[in-house]
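Hello,

Here is the structure I promised to pass on. Please open it alongside this note, and read the notes below with the view in front of you.

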Amino acid sequence: MANLKLSHIYKVYDNGHKAVNDFSIDIADREFIVFVGPSGCGKSTTLRMIAGLETITAGDLFIGDTLVNDMEPKDRDIAMVFQSYALYPHMSVYENMAFGLRNRRMPEAEIKERVMKAAKMLDIVDYLDRKPKQMSGGQRQRVALGRALVRDPKVFLLDEPLSNLDAKLRATMRAEITALHKSLNTTFIYVTHDQVEAMTMGTRIVVMKLGYVQQIDTPMNLYNSPYNKFVAGFIGTPQMNFFDVTLKREHDTVTIRFSNGDSTDVPYEAVSKIDSRYLDGEKPVIFGIRPEHIDIDKDGGLKFIVTGVERLGNETIIYGKLGDSLGEFTLKDEGNTIVVKLVDRDDLAVGDVVYAHPKMNKLHFFDKETEITLIHNIPLHNTIEARVSAGALRAIGTEVILPDALSKTLPEGSVELAIPPQAIVKDSDFYLKVARIEKVDGKNLAYLQNGENYLFALVDDCVTEGEDYGFSILYDKMTVKANGKDVALPIEDEVSLNGRFSKKELRENGERVLHFYYNIDKYSIEAEKENGYKINSIDKDHCYDYTYRYVLNRDNIRTVSDGEDGLDVDILEKLDYGSVCYAKAKTEDGQELLIKTDKDFDGTKAKIAFDAKDVSVYSTRIDMMLC
Ligand code: ADP
């Protein structure tokens with residue numbers, strides 16, 4: 001039994017190929033985690049790093065509370081099952097299962113007890129004398145499982161264990177491995193490229209693509225709320241339908257317009273979490289709908305012609321093309337094809353012209369460029385129209401004085417504000433009625449009625465539906481656009497400074513002791529020793545020549561008085577955002593950064609300091625966090 005923690009794990013192979021990028025997950029004891037993704041996405045590499053068969057380039061791997069990056073595989077208390085079974089051909093099943101235990105010099109009696117127990121669990125007691133080649137694929141895979149089982153490991157790692165088996169046997173073995181997991185109460189990590197295996201077996205699934213984690217979630221959350229188009233398309237068969245569309249809102253209705261000119265209407269309530277910028281009838285959007293979430297009717301919705309029918313018994317898969325003529329589109333026109341899964345319905349034939357009705361609570365929309373979902377549980381932004389005039393902002397039916405930092409920079413006239421829900425805080429600048437409160441991810445998401453639109457805010461437990469909610473905007477956290485161009489950007493919480501890395505060897509109590517330092521301009525802070533060694537082990541002796549990016553939260557920067565150790569900066573500008581003030585500062589080596597200041601600060605110089613423990617170190621040569 002063990003929990004695992006992977007923290008910012010990277011793998012760069014010796015040929016420079018970056019196979020795994022910034023992989024982080026906390027795996028609880030007894031979870032069944034599945035890594036899934038197309039071939040080459042880095043699943044096996046990650047599993048092999050956990051097993052200790054592959055070195056970890058950067059990041060920390062904990063099994064239980066122990067950092068195991070440099071621990072030998074045999075000491076990690078894990079067992080791995082491979083696709084190829086990896087059985088010894090000249091040994092009997094019994095010998096294969098006993099082999100690892102004998103190497104550990106376990107007494108024969110205990111070996112026998114363990115092998116028999118595992119053989120019973122896996123139903124291979126009758127085969128213990130056979131050689132692997134006298135067994136079927138499924139039986140061999142059971143032996144491979146048995147060999148892992150006898151070791152009673154803390155963690156089971158399984159790398160595509162079923163991919164050599166035929167479809168029927170795979171289904172049986174899936175169920176057996178799931179049952180095994182339940183009875184063993186051990187942590188399982190399972191690699192597969194097969195989404196059905198992932199969905200049926202995992203308590204949580206990690207979807208990967210090209211070395212990057214796309215989403216970590218429960219099977220049902222992946223299915224219902226895919227984070228991006230890739231996850232949406234990867235989970236579910238037949239695949240989700242995708243169409244290039246635009247969305248246009250008219251009061252209570254949003255029209256989804258397809259590239260061939262067809263359209264279908266949905267109630268605004270079904271898509272109210274989509275940022276209003278996407279509802280202008282122009283911005284390209286990808287519309288996704290699963291085949292099983294489409295009804296077919298004789299009129300109404302989206303017209304298409306049936307081009308294929310697959311009858312699978314109780315299910316029928318209908319293939320079609322939007323429009324009503326077979327000649328209108330070629331089969332290559334991906335965005336114009338549609339797949340529908342119908343249950344207990346068998347009245348359609350090739351050539352029929354019918355109408356698709358997407359189920360209103362099952363719609364998915366993605367940004368055309370980033371392919372990220374447009375429907376987040378907690379919306380990323382509220383977009384609202386506003387006007388700037390003589391240093392004041394008119395928005396939400398109220399006029400407020402703009403803080404100095406914005407009144408100086410915002411152009412007069414109409415602007416568009418994009419405000420994250422987190423930047424709407426209880427106060428008294430604006431008032432809106434709470435139309436609804438939804439519990440999301442343990443938070444209270446309030447739908448504030450702003451004319452025909454909602455403004456989303458996160459509110460306390462004591463806020464109730466129907467009340468007038470008073471709030472203000474954290475102006476430093478919003479984006480402002482004028483004529484389509486950004487005229488103010490949110491201020492990030494993180495500050496990033498480039499610098500060097502160095503070491504000093506000092507004599508302490510007669511021993512030579514190494515000390516490592518982060519050096520930014522003339523400011524030098526001592527690195528935590530383990531981090532110093534990490535940087536040194538990743539970049540070897542080049543580390544003293546390379547430039548690193550030091551990143552820290554702005555709240556961890558303090559100003560210090562002249563006599564103290566610190567980084568000297570010139571103050572270029574003061575930025576007063578009302579609730580918070582910043583100063584634009586410049587180091588002597590020319591790097592600019594924003595620091596937080598008091599409202600009454602008016603110096604031209606400052607000295608800042610921070611602690612090494614608050615600093616994350618990034619390589620500047622390859623996009624990688626080192627510690
Ligand atoms: P998956 O298990 O998802 O199919 P892998 O983890 O095996 O993917 O591989 C991820 C990527 O790393 C692939 O592009 C693969 O070609 C590459 N790769 C794997 N092993 C090595 C290696 N020893 N040297 C260089 N590149 C490798």
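Start with H3 and H4. Their axes lie 9 Å apart, and the two helices pack at an angle of about 140 degrees. Angles over 145 degrees would count as roughly antiparallel. This pair therefore falls in the oblique class. The crossing of H3 past H4 is right-handed.

Please keep in mind that this is a predicted model.

Next, bring in H2. Helix H2 covers residues 93-103, and helix H4 covers residues 137-149. The axes of H2 and H4 come within 8 Å and cross at roughly 30 degrees. The cut-off for roughly parallel is under 35 degrees. H2 and H4 are therefore roughly parallel to each other. H2 passes H4 in a right-handed crossing.

How does H2 sit against H3, and at what angle do their axes cross? Helix H3 spans residues 108-122. The axes of H2 and H3 come within 10 Å, with a crossing angle of roughly 130 degrees. So H2 is oblique to H3. Here too the crossing, H2 past H3, is right-handed.

Now the ligand.

Which residues are around the ligand? Working along the sequence, they begin with Tyr-13, Asn-15, His-17 and Ala-19. Then come Pro-38, Ser-39, Gly-40, Cys-41, Gly-42, Lys-43, Ser-44 and Thr-45. By class, this shell has 4 nonpolar, 7 polar and 1 charged residues. Helix H1, residues 43-51, gives the most to the shell, with 3 residues.

Three contacts to ligand oxygen atoms deserve a look on screen:

- Ser-44: a polar side-chain atom lies 2.7 Å from an oxygen atom of the ligand.
- Cys-41: here a backbone N or O atom is the partner, 3.0 Å from an oxygen atom of the ligand.
- His-17: an N or O atom in the side chain is 3.2 Å from an oxygen atom of the ligand.

How much of the ligand does the protein bury? Taken alone, the ligand exposes 560 Å². The protein buries 62% of that.

To go through it on screen, take the helices in the order above. View H3 with H4 at about 140 degrees. Then turn to H2 with H4 at roughly 30 degrees. Finish the helices with H2 and H3 at roughly 130 degrees. After that, move to the ligand and pick out Ser-44, Cys-41 and His-17.

Best wishes

Technical notes:
Residues numbered from 1 in each chain as written. Predicted model: local features only at pLDDT ≥ 70, side-chain atom pairs only at ≥ 80, totals over all residues. Heavy atoms only, no water. Near = heavy atom within 4 Å. Polar contact = N/O pair within 3.5 Å; in protein donor to acceptor, adjacent residues only side chain to side chain. Areas by Shrake-Rupley, 256 points an atom, 1.4 Å probe, with all protein chains shown as cover. Helix = DSSP H or I, 4+ residues; strand = E, 2+ residues; numbered from the N terminus. Nonpolar A, V, L, I, M, F, W, Y, C, P; charged D, E, K, R; others polar. Axes fitted to C-alpha atoms, helices over the stretch in contact; angles between N-to-C directions. Parallel < 35°, antiparallel > 145°, perpendicular 65-115°, else oblique. Left-handed = near helix turned anticlockwise from the far one by under 90°.
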